[in-house]
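Take a walk through this protein, one part at a time. Begin with a single pair of side chains, then step back to the whole.

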Amino acid sequence: MRWKETFIPTLKELPAEAEITSHRLMLRAGLMRKLTSGVYTYLPLGIRAIKKVEAIVREEMDGAGGTELLLPILHPAELWRESRRWDHYGVELMRIKDRHGRNFALGPTHEEVITDLLRGEIRSYRDLPILLYQIQTKFRDEIRPRFGVIRAREFLMKDAYSFHPDESSLNQTYQRMYQAYSRIFTRCGLSFRPVEADSGAIGGDVTHEFMVLAQNGESEVLTCPGCGYAATQERAESRTSKPVDEAPLAKELVHTPGLKTVEEVSGFLGVEPKRLVKTILYRTDGGFVAALIRGDREINEIKLMRALGVEDLQMATPDEILRLTGAPLGFSGPVGLEGVGILADYSLQGGGNFVVGANREDHHLINVNYGRDFRVDGFFDLLLAQKGDSCARCGKPLSSGRGIEVGQIFKLGTKYSESMKAHFLDQKGKERPFVMGCYGIGITRTVAAVIEQYHDQDGIIWPLSVAPYQVLILPLNITHPPSKEAAEKLYSQLGDLEVLLDDREERAGVKFKDADLVGIPLRVTIGERSLQEGKVEIKLRSEPTSISVSIEEVPQKVRSLLEKISSLAKVDSQCNIGRMKSPLDEIYEQGINEKE
Ligand code: 9G3
């Protein structure tokens, strides 16, 4: 492709609204443009990188036994009512009406549509298992679209769904998908980690997220250096230090006028925040509950939902709190609290002489002790895990890091097949609901994640496997006839490769800057002076130095270098955990030595 014939609108300035590197670079390198909040146009370079990722995904999905189809974007509301998600997803679900006033959703994911399809088509266990996938635009009305395509309202996802006669068949496919995902992200050059995650409202129990390690990641990941346990912060099970066991003191009511927060109360009383107990009231389908958590820590509401066995909960309103406790928000406590279930976090077990709200305006109780002064309905892990907590498996302190979630795999079980009455006949002729799995990859997000991991201060440094072009031919002065001729000749000699020829009549400085910004892995620079000696320069974007090569040798040299970096990327990706030194680093060093 010739630069002038395509459309690569690079930007010199930093786009003001872009908060993270990948977002800035996707705009600056001319990969995409914003249409409106969370909605992007993919420009020619952007779509080429996307297609590279898609091709890898298709190969690996087909290799894992999947087949591609394409489901509709427009989903009738009735289908979403059947799964009870029409109401559950509220404003995040994009909704439209047709001319007859019928309701539709713009598909944010396709569990309902695929379940509807297969319940009408698959009757017998003999037709199972089946694994179907699509790559399609998804719509979600995010509260705060940001980070470019990472949290967009319209984005590309590969979503796959599997249908099985039983759990063991699902487990096999889940394993195969886990491996396929590992290969996909490896082939994209990404340093990633599969972590245990929470299935949240979508149900099912087992789920893994594939996290690309990145400082700008939206997700916090906790890992255990002791046993290798890795989970999202939402999911992670941990324990805090146990409270010291001390003799119970006499309970006392203290006047704490206007003091509501942990900081205010602990400051006023001169006690450590961890001696306070926060009492948080929630409304659930099954009535009101109070959750007790140590003053210095946050509650994990997903764990609370799981402990309660409910799918949804809301914090009680100030009015409800007043009615339940007799006091305004900020003074709730477990002592004498009637008519609500009380759950406590493990970290409170065995402790004593707590400070709690007195269920009376402007008052707290001090030296409150479990058993003597209050009871709970059970102790659970309700803690939002933190770095430094003890691993729930082996007890070693957890470390934390950040990641971008690029993929997620779920064992859904029968959640959708039961609610949507999707049944098949088993070997004994008995009707059973399908056992299902679903598997997603954020395609556009994966491109952004690659850029997060592969860039420097000057621009993108594409790994060969997802680069929009493999080779950039850069004649410094296209108006110099021998340079132009050499560039054109090379361009046709490399016609079987993905080559971009910068045929613009721009200054050399502009072209170099754009070359670094756009980040094509291999650059062939044709300069007037070296051309007189029959030489051109070859440079890898990932390396600071170039090598001088005689013009006749260029095609062969380009091919062998591409071959080398692609085969080494494969080895490199196997060493990618923690960015240890890889053989690729070595060849780059050799590359430097090759320079005369
Ligand atoms: C919605 C809306 C937002 C959503 C969902 C539904 C996330 C929703 C989870 C998934 C799970 C899997 C298929 C591929 C693998 C992942 N956000 N999720 O279900 F209606 Cl508005 O999408 N889907």
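The side chains of Lys158 and Tyr181 are joined by a polar contact of 2.6 Å. This is a predicted model, and the contact is a good place to enter it. Lys158 belongs to strand E8, which covers residues 154-164. Is Lys158 buried or exposed? Lys158 is buried. Even so, Lys158 has no salt bridge. Asp159 is the nearest side chain of opposite charge, and it is 7.3 Å away. A salt bridge needs the charged atoms within 4 Å, so Asp159 at 7.3 Å does not qualify.

Which residues surround Lys158, once its neighbours within four places in sequence are left aside? Tyr181 is one of its contacts. Val57 and Met61 touch Lys158 as well. So do Tyr133, Gln134 and Ile135. Met177 is another contact of Lys158. Tyr439, Gly440, Ile441 and Ile443 complete the list for Lys158.

Now step back to the whole protein. It has 596 residues, and buried residues make up 53% of them. Its secondary structure comes to 16 helices and 33 strands. Along the principal axes, the C-alpha atoms fill a box of roughly 95 × 65 × 50 Å. Consider the contacts with a separation of 6 or more. Of these, 69% are between residues 24 or more positions apart.

Leu43 gives an example of a link across the sequence. Leu43 sits in the loop between strand E2 (39-42) and helix H2 (44-63). Leu43 and Phe7 are 36 residues apart in sequence. In space, their C-alpha atoms are 7.3 Å apart. Phe7 is also among the contacts of Leu43, when neighbours within four places in sequence are left aside. The others are Pro9, Gly30, Leu31, Met32 and Arg33. Why does Leu43 count as buried? Its relative accessible area is 8%, and buried means under 20%, so Leu43 falls in that class.

Next comes a sheet. It is open, and 5 strands form it in the order E17-E15-E16-E18-E21. The pairing is mixed. Strand E17 (313-315) and strand E21 (378-380) stand at the edges. Each has a single partner strand, so one side of each is left without a neighbour in the sheet. On average, neighbouring strands here are turned by 35° against each other, direction ignored.

Follow the pairs through this sheet. E15 and E16 run antiparallel and are joined by 8 bridges. These two strands form a hairpin, with 2 residues between them. Within the pair, Ile280 of E15 stands opposite Ala291 in E16. Ala291 also has a bridge partner in E18, namely Leu343. E16 and E18 pair in the parallel sense, over 4 bridges. E18 (residues 341-345) then runs parallel to E21, with 3 bridges between them. There, Ala344 stands opposite Phe379 in E21.

Helices pack on this sheet too. Helix H8 (residues 301-308) touches strand E15 (277-284), strand E16 (287-294), E17, E18 and E21. The direction of H8 makes about 125° with that of E17. Helix H9 (residues 318-325) lies across E15 and E16. H9 runs at about 110° to E15. How many of the 8 residues of E16 are buried? The number is 7, and E16 is mostly covered.

Move on to another sheet. This open sheet of 5 strands has the order E30-E29-E31-E32-E33, and its pairing is mixed. Which strands stand at its edges? They are strand E30 (499-501) and strand E33 (546-550). Each has a single partner strand, so one side of each lacks a neighbour in the sheet. Neighbouring strands of this sheet are turned by 25° against each other on average, direction ignored.

Inside this sheet, strand E29 (residues 471-475) runs parallel to strand E31 (residues 522-526). They are joined by 5 bridges. In E31, Thr525 is the bridge partner of Leu474. Helix H12 (residues 481-493) packs on the sheet and touches E29, E30 and E31. The direction of H12 makes about 165° with that of E29. Helix H13 (residues 508-518) lies across E29 and E31. H13 runs at about 170° to E29.

Note on methods. Residues numbered from 1 in each chain as written. Predicted model: local features only at pLDDT ≥ 70, side-chain atom pairs only at ≥ 80, totals over all residues. Heavy atoms only, no water. Pairing = 2+ DSSP bridges. Axes fitted to C-alpha atoms, helices over the stretch in contact; angles between N-to-C directions. Contact = heavy atoms within 4.5 Å. Buried < 20%, exposed > 50% of the residue type's maximum accessible area, 1.4 Å probe, protein only. Lys, Arg positive; Asp, Glu negative; His and termini not counted. Polar contact = N/O pair within 3.5 Å; in protein donor to acceptor, adjacent residues only side chain to side chain.
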